[in-house]
Amino acid sequence: MARILSIAAALAVVVASLGIFASPAAAHESRGVGPYTFVVGWVTEPAVVGQSNGLDLTVTETASDKPVEGLEKTLKAEVITGGGAKTRALELAPDGDQPGHYTSGFVPTRVGDYTFHISGTAGATSVDEKFESGPNRFDPVTDIVGLEFPDQVPSPADLARQQADANTKLTLALALGALGTVGLVVSIVALTKTRRVV
């Protein structure tokens with residue numbers, strides 16, 4: 001009985017380990033495109049605002065799982081956010097260590113959903129696919145605040161607000177100081193005129 005429990009515990013550890021190591025792949029979307037399988041997601045999960053990241057793309061032949069190379073010459077990629085309000089072209093770079101794997105780096109600067117649009121050709125297959133972040137796909141970009149430990153660093157937006165407040169206060173202090181100086185000069189002139197009259 002003890003041996004059966006030991007084997008069951010060992011199997012549970014193996015299954016849990018596979019779940020841990022499989023989680024990054026689960027954060028990618030896999031989709032059939034003609035005879036190919038496209039797997040799209042972030043280079044680094046989770047994707048965090050202000051941190052270097054980018055498009056992670058792997059293309060294989062669906063029937064044989066063979067990597068498809070040379071697609072950096074025939075495919076175009078772009079990243080889209082804000083419901084299409086912001087678009088940026090991405091240059092695909094092949095991974096020399098992993099055939100069929102391509103990346104394109106950039107720094108996401110806004111929290112929320114992102115879309116990777118991939119178009120062009122793969123072999124004789126025309127490609128025009130949009131991969132959007134969301135449930136059962138890849139994650140949206142998150143704020144770093146929830147990941148910081150032990151201290152939380154103010155966000156760039158908070159720092160900008162604090163600087164704007166400080167600038168406003170400084171401008172007001174300088175203006176009041178200038179008015180005070182003008183008032184002092186006027187008072188001295190008035191006092192001097194009053195002394196001459198007396």
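Me: Buried means under 20% relative accessible area, exposed over 50%, and partly exposed in between (1.4 Å probe, protein chains only). Is Asp-65 buried or exposed?

Reply: This is a predicted model, where local features need pLDDT of at least 70, side-chain atom pairs count only at pLDDT 80 or more, and totals for chains, interfaces and linings use all residues. Residues are numbered from 1 along each chain as its sequence is written, and side-chain values use heavy atoms, with hydrogens and water left out. Asp-65 counts as exposed because its relative accessible area is 56%. Asp-65 sits in the loop between strand 3 and strand 4. Its phi is near 65°, a positive value in a residue other than glycine.

Me: Where else is phi positive outside glycine?

Reply: Go to Asn-136, with phi near 65°. Asn-136 belongs to the loop between strand 9 and helix 2. At 80% relative accessibility, Asn-136 is exposed.

Me: Which residues are joined by a cis peptide bond?

Reply: Look at Glu-45 and Pro-46, where omega is about -5°. Pro-46 is in the loop between strand 2 and strand 3.

Me: How many helices and strands should I find?

Reply: Elements are DSSP runs, numbered from the N terminus: helices are H or I, at least four residues, and strands are E, at least two. Here there are two helices and nine strands. Along the sequence they follow α-β-β-β-β-β-β-β-β-β-α.

Me: What share of the contacts comes from residues far apart in sequence?

Reply: Contact means heavy atoms within 4.5 Å. Take the contacts with a separation of 6 or more: residues 24 or more positions apart account for 57% of them.

Me: And the interior? Which residues touch the most other members of the largest nonpolar core?

Reply: In soluble globular proteins, nonpolar side chains tend to be buried together. A nonpolar core is a set of buried Ala, Val, Leu, Ile, Met, Phe, Trp, Tyr and Cys residues joined through side-chain atoms within 4.5 Å. The largest core here has 27 residues, and Phe-38, Leu-57, Phe-116 and Ile-118 touch the most other members. Strands 2 (36-42), 3 (53-61), 4 (75-81), 7 (101-106), 8 (114-122) and 9 (125-132) each supply at least two residues of this core. Over the whole protein of 198 residues, 26% count as buried.

Me: What does Ile-118 touch?

Reply: Set aside residues up to four places away in sequence. Ile-118 then touches residues including Phe-38, Val-40, Leu-57, Leu-75 and Val-127. Charged partners are listed too, among them Lys-76, Asp-128 and Glu-129.

Me: Now Thr-125. Is Thr-125 buried or exposed?

Reply: Thr-125 is buried, since its relative accessible area is 17%. Thr-125 is found in strand 9. Leaving aside neighbours within four places in sequence, Thr-125 contacts Val-33, Gly-34, Pro-35, Tyr-36 and Gly-120.

Me: How many aromatic pairs are there?

Reply: Rings of Phe, Tyr and Trp (its six-membered ring) pair if their centres lie within 6.5 Å; planes under 30 degrees apart are stacked, over 60 edge-to-face, the rest tilted. The structure has six such pairs. One of them is Trp-42 with Phe-106, tilted, at 5.8 Å centre to centre and 50° between planes. Trp-42 is in strand 2 and Phe-106 in strand 7, 64 residues apart. Both are buried. Trp-42 also pairs edge-to-face with Tyr-114, at 5.5 Å and 70°. Tyr-114 lies in strand 8 and Trp-42 in strand 2, so this pair ties together parts 72 residues apart in sequence. Trp-42, Phe-106, Tyr-114, Phe-116 and Phe-138 form one aromatic cluster.

Me: How many salt bridges are there?

Reply: A salt bridge is a side-chain nitrogen of Lys or Arg within 4 Å of a carboxyl oxygen of Asp or Glu. That rule gives two. Glu-29 bridges to Arg-31, with the closest N and O atoms 2.8 Å apart. Glu-29 is buried, at 11% relative accessibility. Glu-129 also bridges to Arg-31, at 2.8 Å, N to O. Glu-129 is in strand 9 and Arg-31 in strand 1 (residues 29-33), so that pair ties together parts 98 residues apart in sequence. Glu-29, Arg-31 and Glu-129 are thus linked in a network.

Me: Last, the surface. Which residues make a nonpolar patch?

Reply: Patches are made of residues with over 30% relative accessible area and no salt bridge; like charges are joined within 9 Å, nonpolar side chains (Val, Leu, Ile, Met, Phe, Trp, Tyr) within 5 Å. Leu-172, Leu-176 and Leu-179 make a nonpolar patch of about 330 Å². Leu-179 is in helix 2 (residues 156-197). Leu-179 is exposed, with a relative accessible area of 59%. Areas come from the Shrake-Rupley method with a 1.4 Å probe; for residues, only the protein chains shown count as cover. The protein's accessible surface is about 13,100 Å², and 61% of that belongs to carbon and sulfur atoms.
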